Amino acid sequence: MISRFLMLFALLLFSSTGYSADVAGIPALTLVDNGNGSQSYTVTIQVLALMTMLSFLPAIVMMMTSFTRIIVVFSILRQAMGLQQTPSNQILVGLALFLSLFIMTPVFDEVYEKAAQPYMDEKIEAGVALDLALKPFRKFMLAQTRETDMAIFLDLSKSGNNNVKYASLDEVPMTVVIPAFVTSELKTAFQIGFLLFIPFLIIDLVVASVLMAMGMMMLSPLIVSLPFKIMLFVFVDGWAMIIGTVAASFGTT
């Protein structure tokens with residue numbers, strides 16, 4: 001279901017209210033006037049648009065979901081433990097991706113029920129479906145965005161146009177919501193990473209002090225402290241604790 005939603009969402013981003021899949025046949029580059037001022041393209045053109053927009057899916061996944069916070073926390077955790085390539089980048093990205101799908105499932109379900117399914121049933125047009133699909137994402141992002149970050153980008157948007165005024169957050173365009181959301185996610189991820197660093201830093205300081213007291217200055221403290229940090233992480237069931245904490249930090253959507 002999620003894969004169907006992602007493909008449809010990519011198509012909606014490229015579609016406009018004048019696009020329609022009701023044209024008979026599939027000849028390429030066929031343009032038909034609907035008589036009401038709008039124009040319809042064949043399914044072939046829409047499929048081409050879909051394949052083109054698939055290249056933007058990674059940016060959508062990273063910038064509009066929980067992926068950014070999760071992957072940054074995992075990267076800081078690996079650095080805090082002193083592990084350079086373990087777990088590998090592929091494992092961290094895969095874990096962050098599936099954890100993001102788990103966290104974003106309520107949002108995907110809402111988009112599928114309110115936008116994707118009616119659009120595939122030809123009950124609503126592409127433009128309407130796009131607006132309905134963006135609302136759950138907007139709600140999720142605004143719930144995670146700090147007011148200070150939103151204010152910064154609102155001021156930046158108003159600096160280019162002094163006449164811009166928004167009565168509520170629902171009127172703020174996605175070009176402002178997305179960077180504010182990403183900025184807040186990075187700040188939250190670094191705060192979590194700072195808390196993760198503290199216990200491992202204490203172990204490094206203790207090991208370094210003991211080695212210096214024993215006169216073993218030529219031995220790197222990182223080599224000695226690494227087994228203790230791994231043992232501590234395994235003893236407290238670190239992966240389950242961190243994954244649970246990061247997932248719970250998003251709250252309910």
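**Close-up views of a helical chain**

Of the 253 residues in the protein chain of this predicted model, 38% count as buried.

**Figure 1. The whole chain, before we zoom in, has 10 helices and 2 strands.** Following the sequence, the elements come in the order α-β-β-α-α-α-α-α-α-α-α-α. The chain exposes about 14500 Å², and 69% of that area is supplied by carbon and sulfur atoms. Take the contacts between residues at least 6 apart in sequence: 68% of them join residues at least 24 apart. The views below visit some of the helix pairs and a few single residues.

**Figure 2. Helix α4 packs with helix α5 at an angle of about 145 degrees.** The two axes are 9 Å apart, and the crossing is right-handed. On the α4 side, look for F67, I70, I71, F74 and R78. Their partners in α5 are N89, L92, V93, L95, A96, L97, L99, S100 and I103. Sorted by class, this contact holds 11 nonpolar, 2 polar and 1 charged residues.

**Figure 3. S100 sits in helix α5, which spans residues 89–120.** Is S100 buried or exposed? With a relative accessible area of 3%, S100 is buried, because buried means under 20%. Leaving aside residues up to four places away in sequence, S100 touches S66, F67 and I70. Two of these names may be familiar from the previous view: F67 and I70 belong to the α4 side of the contact with α5.

**Figure 4. Helix α4 (residues 67–81) meets helix α10 (residues 238–248), with axes that come within 11 Å.** How are α4 and α10 oriented to each other? Their axes cross at roughly 150 degrees, and the two helices are therefore roughly antiparallel. The crossing is right-handed. I70, V73, F74 and L77 come from α4, while α10 brings W239, I242, I243 and V246. By class, the contact has 8 nonpolar residues, with no polar and no charged ones.

**Figure 5. Helix α5 also crosses helix α10, here at roughly 45 degrees.** The axes come within 11 Å, and the pair is therefore described as oblique. This crossing is right-handed. Which residues make the contact? L92, L95, L99 and I103 take part from α5, and W239, I243 and A247 from α10. The class count is 7 nonpolar, no polar and no charged residues. W239 and I243 are worth finding again here, since both are also among the α10 residues that meet α4.

**Figure 6. D237 lies in the loop between α9 (221–235) and α10.** What is notable about the backbone of D237 is its phi, near 55 degrees, a positive value in a residue other than glycine. D237 counts as partly exposed, because its relative accessibility is 47%.

**Figure 7. T245 is found in helix α10.** T245 is partly exposed, with a relative accessible area of 44%. How far is T245 from I192 in sequence and in space? The two residues are 53 apart in sequence, and their C-alpha atoms are 9.3 Å apart. To place T245 in the earlier views, look along α10 for V246, one of the residues that meet α4, and for A247, one of those in contact with α5.

Definitions and conventions
Residues are numbered from 1 along each chain as its sequence is written. This is a predicted model: local features need pLDDT of at least 70, side-chain atom pairs count only at pLDDT 80 or more; totals for chains, interfaces and linings use all residues. Side-chain values use heavy atoms; hydrogens and water are left out. Axes are lines fitted to C-alpha atoms, for helices over the stretch in contact, and angles run from 0 to 180 degrees between N-to-C directions. Helices (H or I, at least four residues) and strands (E, at least two) are DSSP runs, numbered from the N terminus. Angles under 35 degrees count as roughly parallel, over 145 as roughly antiparallel, 65 to 115 as roughly perpendicular and the rest as oblique. A crossing is left-handed if the near helix is turned anticlockwise from the far one by less than a right angle, and right-handed if clockwise. Contact means heavy atoms within 4.5 Å. Ala, Val, Leu, Ile, Met, Phe, Trp, Tyr, Cys and Pro count as nonpolar, Asp, Glu, Lys and Arg as charged, and the others, Gly among them, as polar. Buried means under 20% relative accessible area, exposed over 50%, partly exposed in between (1.4 Å probe, protein chains only). Accessible areas come from the Shrake-Rupley method with a 1.4 Å probe; for residues, only the protein chains shown count as cover.
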